Amino acid sequence: EEDTREREAALDALRREFSAERAALARGSEKTLADALALAHDKSEARIRRLEDGHAKALKALREEAAAAALREAERASSDAARDKQRALAEQAAKAEAAIAEI
């Protein structure tokens, strides 16, 4: 009977040791999982920042390109208008000279 109690005591000690190891392993797994999640979150945030930076740069480039295109169009329109005005003035001068010549 004493032998049985010793075996049961040894078995209880092994159960407590196993339980403590299992609890330590669970805590370690939770910490490892939390660390992995934190790392994944940090990587996701870094990727989001890179995407936002790229988006901002692309928008800036598009705005600059649109501004340059608008400036070129304004210059062309101004040049066309100046040419049209010059042509109209030349026609008026020619008509005026023709009218003077008839007099």
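How far apart are the mean positions of the positive and negative charges of the protein chain? In this predicted model, the mean position of the 20 positive charges and that of the 23 negative charges are 4 Å apart.

With regard to secondary structure, the protein chain contains 1 helix and 0 strands. The radius of gyration of the chain is 44 Å, whereas the globule rule gives 13 Å for 103 residues, and because the value is well over that figure, the chain is more spread out than a compact globule. When taken along the principal axes, the box filled by the C-alpha atoms of the protein chain comes to roughly 150 × 10 × 5 Å. As for solvent exposure, 0% of the 103 residues of the protein chain count as buried, and the accessible surface of the chain amounts to about 9,300 Å², with 59% of this area belonging to carbon and sulfur atoms.

The surroundings of one residue, His41, were examined in further detail. His41 is located in helix α1, which comprises residues 2-102, and, with a relative accessible area of 45%, His41 is classed as partly exposed because this value falls between the 20% limit for buried residues and the 50% limit for exposed ones. The side chain of His41 is engaged in a polar contact with the side chain of Glu45, at 2.8 Å. Arg16, by contrast, stands 25 residues apart from His41 along the chain, and the C-alpha atoms of these two residues are separated by 37 Å.

Technical notes
Residues numbered from 1 in each chain as written. Predicted model: local features only at pLDDT ≥ 70, side-chain atom pairs only at ≥ 80, totals over all residues. Heavy atoms only, no water. Helix = DSSP H or I, 4+ residues; strand = E, 2+ residues; numbered from the N terminus. Rg over C-alpha atoms; globule rule 2.2 N^0.38 Å. Buried < 20%, exposed > 50% of the residue type's maximum accessible area, 1.4 Å probe, protein only. Areas by Shrake-Rupley, 256 points an atom, 1.4 Å probe, with all protein chains shown as cover. Lys, Arg positive; Asp, Glu negative; His and termini not counted. Charge placed at Lys NZ, Arg CZ, Asp CG, Glu CD. Polar contact = N/O pair within 3.5 Å; in protein donor to acceptor, adjacent residues only side chain to side chain.
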